[in-house]
Amino acid sequence: MIKTIDDIFSLARQKGHGCRLVLCQASNEHALEAALEASAMGFVTPILVGRRDEIHEAARNLGRSVEGVQIVEAEDAEGMVEAAVRMVSSGQVDILMKGGVTTPQIMKGVLNRQWGLRTDRLISHLAVFQIPAYHKLLVLTDAAMNIAPTLEEKAVIVQNTVDFVRRLGIDTPKVAVLAAIEQVNPKMPATLDADALKQMNARGEIVDCLVDGPLSFDLAVSQESKRDKHFESPVAADADILLAPDIEAGNLLYKSFAFFTECRMGAVILGAAAPIVLTSRADTMDAKLASIALAVAGSLR
């Protein structure tokens, strides 16, 4: 069972032989450095899409070489996205990574009905954090894709996330469905959804995990809160997965962890035909590298 980001890197090295990653608009220096470092570590073979001269300039700025690395020329963002996504949808490449293009630009390509990466599942975002104050890895969903998910969409987001973390070796993940309070309140829709998700899990509609909610954030992660509130739950204080009620709550938690906890982290997009490394422009190179490792470690390879 994985317990640290380093464990994710180890799993990526085990699974990554022959894994191919395409970096869309590869002149973005943080993304390019991460892709080249992942190659040096042995768990991906990168393919770089963009303007050849700009890619070489970015590599020189990093003090790195792209000699021997395949470069696919494309002149504008639209062409870069189409070239990169088509490589994944045709099976030439295993993982798609966002470089200098924007999230709306790359997602437009991912969702293209002719050559995109659509499946019958909802696309969702997963982030993994190694936080010094917590006793194991903590997964957060969804901080970037689904704005105000319905109950049915939340159920798919949970199952997407559970299926992925099980491939990392967490066999029966504990899912905390977050709300402001831990009681059901008809005036607070997040608490109603949380209770419904718990019942869906009990009926076997959400499988291979243990779901509890509504849970306040402190109850999901703190033994002291669990003790002081006399709250009985196998998920409380031991959550593997936090399900945010909406994108605002998820994004605020994501950035609070990233900026204030001295954490290590990685993130990936699920539900498409292949994993997508789609990190924030504010994320560090280390976070982008860990995101590549996460995508490889949780792949179906």
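Reader: Let's start with lysine 288. Where does lysine 288 lie?

Author: Lysine 288 sits in helix α11. Keep in mind that this is a predicted model.

Reader: What makes lysine 288 count as buried?

Author: Buried means under 20% relative accessible area. Lysine 288 has 5% relative accessibility, so it counts as buried.

Reader: Which residues does lysine 288 touch, leaving out those up to four places away in sequence?

Author: Lysine 288 touches His30, Ala31, Ala34, Met97, Thr279, Ser280 and Asp283. Take histidine 30: it is 258 residues apart from lysine 288 in sequence, yet the two are 7.6 Å apart in space, C-alpha to C-alpha.

Reader: Why are α2 and α11 called oblique to each other?

Author: Their axes are 8 Å apart and the helices pack at an angle of about 50 degrees. Roughly parallel needs an angle under 35 degrees, and roughly perpendicular starts at 65. About 50 degrees fits neither range, so α2 and α11 are oblique. The crossing of α2 past α11 is right-handed.

Reader: Which residues make the contact of α2 with α11?

Author: From α2 come His30, Ala31, Glu33, Ala34, Ala35, Glu37, Ala38 and Met41, and from α11 come Met285, Lys288, Leu289 and Ile292. Sorted by class, that contact has eight nonpolar, one polar and three charged residues.

Reader: What about α2 and α3: why are they called roughly perpendicular?

Author: The axes of α2 (residues 29-41) and α3 (residues 52-62) come within 10 Å and cross at roughly 75 degrees. The roughly perpendicular range is 65 to 115 degrees. An angle of roughly 75 degrees falls in that range, so the two helices are called roughly perpendicular.

Reader: Which residues meet there?

Author: Glu29, Leu32 and Glu33 of α2 meet Ile55, Ala58, Ala59, Asn61 and Leu62 of α3. They divide into five nonpolar, one polar and two charged residues.

Reader: And why are α4 and α5 called oblique?

Author: Helices α4 (residues 77-89) and α5 (residues 103-110) cross at roughly 45 degrees, with axes that come within 9 Å. That angle is neither under 35 degrees nor in the 65 to 115 range, so α4 and α5 count as oblique. Their crossing is right-handed. The contact is made by Ala77, Val81 and Val85 of α4 together with Gln105, Ile106, Gly109 and Val110 of α5. By class, this contact has five nonpolar, two polar and no charged residues.

Reader: How many residues are in the largest nonpolar core?

Author: That core has 61 residues, and those with the most contacts inside it are Ile8, Leu23, Phe43, Leu48, Leu126 and Ile292. Helix α11 supplies the largest share, nine residues. As for isoleucine 8, its contacts beyond four places in sequence are Ile2, Val128, Leu137, Ala293, Leu294 and Ala297. There is also a second, separate core of 27 residues, which includes Val93, Val101, Ile106 and Met107.

Reader: What makes alanine 249 partly exposed?

Author: Buried is under 20% and exposed is over 50%, with partly exposed in between. Alanine 249 has 25% relative accessibility, so it counts as partly exposed. This alanine is found in helix α10 (residues 247-260).

Reader: What is unusual about phi in alanine 237?

Author: Most residues other than glycine have a negative phi. Alanine 237, which is not a glycine, has a positive phi of about 70 degrees. This alanine lies in the loop between α9 (223-228) and β9 (241-243). At 1% relative accessibility, it counts as buried.

Reader: Is glutamate 262 buried or exposed?

Author: The cut-off for exposed is over 50%, and glutamate 262 has 72% relative accessibility, so it counts as exposed. Glutamate 262 also has a positive phi, near 55 degrees. Its place is in the loop between α10 and β10 (264-270).

Reader: Where are the cis peptide bonds you can point to?

Author: Most peptide bonds are trans. One cis bond joins threonine 141 and aspartate 142, with omega about 0 degrees. Aspartate 142 is in the loop between β6 (138-141) and α6 (151-167). Another cis bond runs from glycine 213 to proline 214, with omega near 0 degrees. Proline 214 lies in strand β8 (residues 210-215).

Note on methods. Residues numbered from 1 in each chain as written. Predicted model: local features only at pLDDT ≥ 70, side-chain atom pairs only at ≥ 80, totals over all residues. Heavy atoms only, no water. Axes fitted to C-alpha atoms, helices over the stretch in contact; angles between N-to-C directions. Helix = DSSP H or I, 4+ residues; strand = E, 2+ residues; numbered from the N terminus. Parallel < 35°, antiparallel > 145°, perpendicular 65-115°, else oblique. Left-handed = near helix turned anticlockwise from the far one by under 90°. Contact = heavy atoms within 4.5 Å. Nonpolar A, V, L, I, M, F, W, Y, C, P; charged D, E, K, R; others polar. Core = buried A, V, L, I, M, F, W, Y, C linked by side-chain atoms within 4.5 Å. Buried < 20%, exposed > 50% of the residue type's maximum accessible area, 1.4 Å probe, protein only.
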